[in-house]
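Please open the model in a viewer and keep the sequence at hand. The stops below proceed by selection, each followed by an account of what is found there.

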Amino acid sequence: MVVLKYLFNVLVFPGLLFSALVGLLLSGLDRKVVARMQKRIGPPIIQPIYDFFKLLGKETIVPRAASRRTFLYAPVIGLLALVTVTLFIPIYKYTAISTVADIIVILYLLTIPAVALIMGGAASGSPYAGVGISREMVAIISYELPLVIVLLTIGKHVGMALNKGVITFSLSQIVSYQAEFGPMITNWRLIPAALALLLIIPIKVGSLPFDIAEAEIEICEGPLVEYSGAPLAIFKLNHAIKMFIMTSLFVTLFLSGKGTGILILDIVLQVLLSAVIVVISISTLKAITARLKVEQVLKFFWTYPTALALISLILVWIGR
Amino acid sequence: MFKKLIEKSFEKSPWLFHLNTGSCNGCDIEIVSVITPRYDAERMGFKLTGSPRHADIILVTGPITSQSRDRLIRTLAQVPDPKVVVSIGSCPRSTNVFNGSYSVEGPLDKYVPIDVSIAGCPPKPEAIIDGLAKAIEILREKRRAMK
Amino acid sequence: MKFPYLKEAIKSVFKKPSTEIYPIVNKEAPEGYRGKINYYPEKCVNCGMCIRVCAPGCITRTIEKTEEGDKITFNFYQGQCTFCSLCADFCPRGAIELTKNYHLAVTDEKDLLVSGTFIKKLPPKPPVQPQQQVQNQQNQGAAKTE
């Protein structure tokens, strides 16, 4: 019986089917809102689902200079890691797996899709892909530092109240703290950390103004330049699931709480709040800015979001 | 089981790639103006991609100059099936005013069969949208005949 | 860190988009637009000025001799035309006209050919007179003027 429950969790909810569907819908919503901000009618909201099925119908070409197995298996590794991460994120009171050190597991597993992109690009054997993967490495270096500081800040704040002063790494404890004292964003000490996390979400997802790695016209799409057919469909699916995971993580860390008691209404509430975060942080920046240069991205992330997160950390440490 | 859904998706989300083989850039400006907010082609699912391996419909402009002939053949061979070749303007159809020049290698008909041709010098963006709508139907027929 | 156009972007979400929905709403070309060629063969006199003036050389003609006169066919290939309208400006009888029709997206090459045929009758020949009668007429004309 336990095996059946885990199979249901991995394949249907909150695993592959649920997060793929919600991720593709959120990605479509993002495109529609960007189009409306630029005063035009955009594509319909279910457009990424049509994109995914169309890519499944094209033929797959493996170039002669590529190493075949790495080329074909790189996106699948990214998909497996992302599906595992979705099992750890709680939806108001329901988690599939809840352990003592949730945050550390999520941090490590979330670097695997980025590394899978680097592996796929390196196995292509094309010079455009080589330029793309070096830019992706610069992007990973720049956002890891503020992300760790934000997570440590929230862990310390909750740990002072519920865990006898030690940092807590468990997401279910963070949710139960918010059920007692209200959502985390109402605490004035943690607002700089929320702003820092809102700025980190676009670069994790790979959208303007920080999309120096993939989806570019200036280096012919970067690491994805030689992909076609089914592997490309899985890469686009990874991109959509990453959007769902990052916004859902923001909602759990800052806007969670008691919720209603019914599971279906909790799911709907979480998805609606994720959609609001997508519109605020991803679409608005995508519609009005251009792309930054590589050294400007590194300089930006090691000054502004790091400073905001450090201010929150110091305020939490000396308060209480 | 998924066959009908895949066939319908070929109609709803075709991706374009634009190839310039020595044109005067008039037709290129009209292609880019189809993406602007006034004639928005994205509401029908069109998207300009950066790599020929991601594309379904290839838009070719310009008479084929001798410097770009090898690159044209290599790029067209990289596009995965099913694909549709659309020639925009009168330069690829029959090399317009550059007929008989020493550096022009002839109309596009010599290298690849053209599916849709849009005449005009340059064609109006509404005519380009008409041609793309015809190309989508041909794409769906090619997908149906593939397996 | 400045974010330009932020207010305009947020205000545009609630306004009507400025897209013209083309295939559902038909659009007419402005006045003086040079579109597809219309050829009136009944006005043509086969002077050949349009062939001399055409820059890409897309006008061709074929002549067949029949018993009534010459059967002349003019072919305008729109796939090579630049739409400069020099042929319409130089035609002395106004037999060529560039219309406002811009729907030129075709799948078959033969739809791009505009052609017209007309028959040019030769002028009637005067009757042939024998040599003696011509001399008599000239002598009579010289005697009258004297």
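What covers the buried residues of α3(A)? The model shown here is predicted, and its tour begins at this helix. Select residues 47–56 of chain A, which form helix α3. The cover over its buried residues includes α2 and α10 of chain A, together with α1 (3–12) of chain B. Within α3(A), the buried residues are Gln47(A), Pro48(A), Ile49(A), Tyr50(A), Asp51(A), Lys54(A) and Leu55(A). Because 7 of its 10 residues are buried, the helix is largely enclosed by the rest of the structure.

**Two crossing helices of chain A**

Next, select α2(A), residues 16–37, and add α10(A), residues 230–254. Two packed helices are described by the angle between their axes and the distance between the axes. Here the axes come within 8 Å and cross at roughly 90°; α2(A) and α10(A) are therefore roughly perpendicular to each other. To see where they meet, display Ser19(A), Ala20(A), Val22(A), Gly23(A), Leu24(A), Leu26(A) and Ser27(A) on α2(A). Their counterparts on α10(A) are Leu237(A), Ala240(A), Ile241(A), Met243(A) and Phe244(A). Sorted by class, this contact comprises 9 nonpolar, 3 polar and no charged residues.

**The nonpolar cores**

Keep α10(A) selected. Which helix gives the largest share of the largest nonpolar core? That helix is α10(A), with 16 residues. The core itself has 79 residues. Those with the most contacts inside it are Val150(A), Ile154(A), Ala193(A), Ala196(A), Ile200(A), Ile245(A) and Phe250(A). Another core, of 51 residues, lies apart from it and includes Phe17(B), Ala41(B), Ile58(B) and Leu72(B).

Now centre the view on Ala193(A). Beyond its neighbours within four places in sequence, Ala193(A) is in contact with Val150(A), Thr153(A), Ile154(A), Leu308(A), Ala309(A) and Ser312(A).

**Annotated spans of chain A**

An unreviewed UniProt entry lists several spans of chain A as "transmembrane region", including residues 71–91 and 297–318. Select residues 297–318 of chain A: the span is 100% helix and 0% strand, and its end C-alpha atoms lie 31 Å apart. Then select residues 71–91 of chain A, where the chain is 76% helix and 0% strand, with the end C-alpha atoms 35 Å apart.

**Two cis peptide bonds**

Most residues other than glycine have a negative phi, and most peptide bonds are trans. Where are the exceptions described here? Select Leu208(A) and Pro209(A): the peptide bond from the former to the latter is cis, with omega near 0°. Pro209(A) sits in the loop between α9 (191–205) and α10 of chain A.

Move to chain B and select Cys121(B) and Pro122(B), which are also joined by a cis peptide bond, with omega about -5°. Pro122(B) belongs to the loop between β5 (116–118) and α4 (125–144) of chain B.

**Chain B: an annotated domain and a loop residue**

Extend the selection to residues 24–134 of chain B, listed by UniProt, in an unreviewed entry, as "domain: NADH:ubiquinone oxidoreductase-like 20kDa subunit". Over these residues the chain is 23% helix and 14% strand, and the end C-alpha atoms are 26 Å apart.

Then select Val79(B), in the loop between α3 (69–77) and β4 (84–88) of chain B. Is Val79(B) buried or exposed? Val79(B) is buried, with 23 other C-beta atoms within 10 Å. Not counting residues up to four places away in sequence, Val79(B) touches Pro52(B), Ala55(B) and Ile58(B). From Val79(B) to Phe46(B), the separation is 33 residues in sequence and 17 Å in space, C-alpha to C-alpha.

**Chain C: two positive phi values and a contact with chain A**

Select Asn46(C), whose phi is near 60°, a positive value in a residue other than glycine. Asn46(C) occupies the loop between β1 (37–39) and α2 (49–53) of chain C. With 12 C-beta neighbours inside 10 Å, Asn46(C) counts as exposed.

Continue to Phe83(C), which is not a glycine yet has a positive phi of about 60°. Phe83(C) is placed in the loop between β3 (69–77) and α3 (86–90) of chain C. Phe83(C) counts as partly exposed, with 19 C-beta neighbours inside 10 Å.

Finally, display chains A and C together. Here 10 residues of chain C are in contact with 8 residues of chain A. On the chain C side, the residues divide into 7 nonpolar, 3 polar and no charged.

Definitions and conventions:
Residues are numbered from 1 along each chain as its sequence is written. Chains are lettered from A and ligands numbered from 1 in the order in which they are written. This is a predicted model: local features need pLDDT of at least 70, side-chain atom pairs count only at pLDDT 80 or more; totals for chains, interfaces and linings use all residues. Two residues are in contact if their C-beta atoms, placed from the backbone, lie within 7 Å. Ala, Val, Leu, Ile, Met, Phe, Trp, Tyr, Cys and Pro count as nonpolar, Asp, Glu, Lys and Arg as charged, and the others, Gly among them, as polar. A nonpolar core is a set of buried Ala, Val, Leu, Ile, Met, Phe, Trp, Tyr and Cys residues joined through C-beta atoms within 7 Å. A residue is buried if 20 or more other C-beta atoms lie within 10 Å of its own, exposed if 12 or fewer, and partly exposed in between; C-beta atoms are placed from the backbone. Helices (H or I, at least four residues) and strands (E, at least two) are DSSP runs, numbered from the N terminus. Axes are lines fitted to C-alpha atoms, for helices over the stretch in contact, and angles run from 0 to 180 degrees between N-to-C directions. Angles under 35 degrees count as roughly parallel, over 145 as roughly antiparallel, 65 to 115 as roughly perpendicular and the rest as oblique. UniProt positions are given in the numbering used here, feature names are shortened, and annotations may be inferred rather than shown by experiment.
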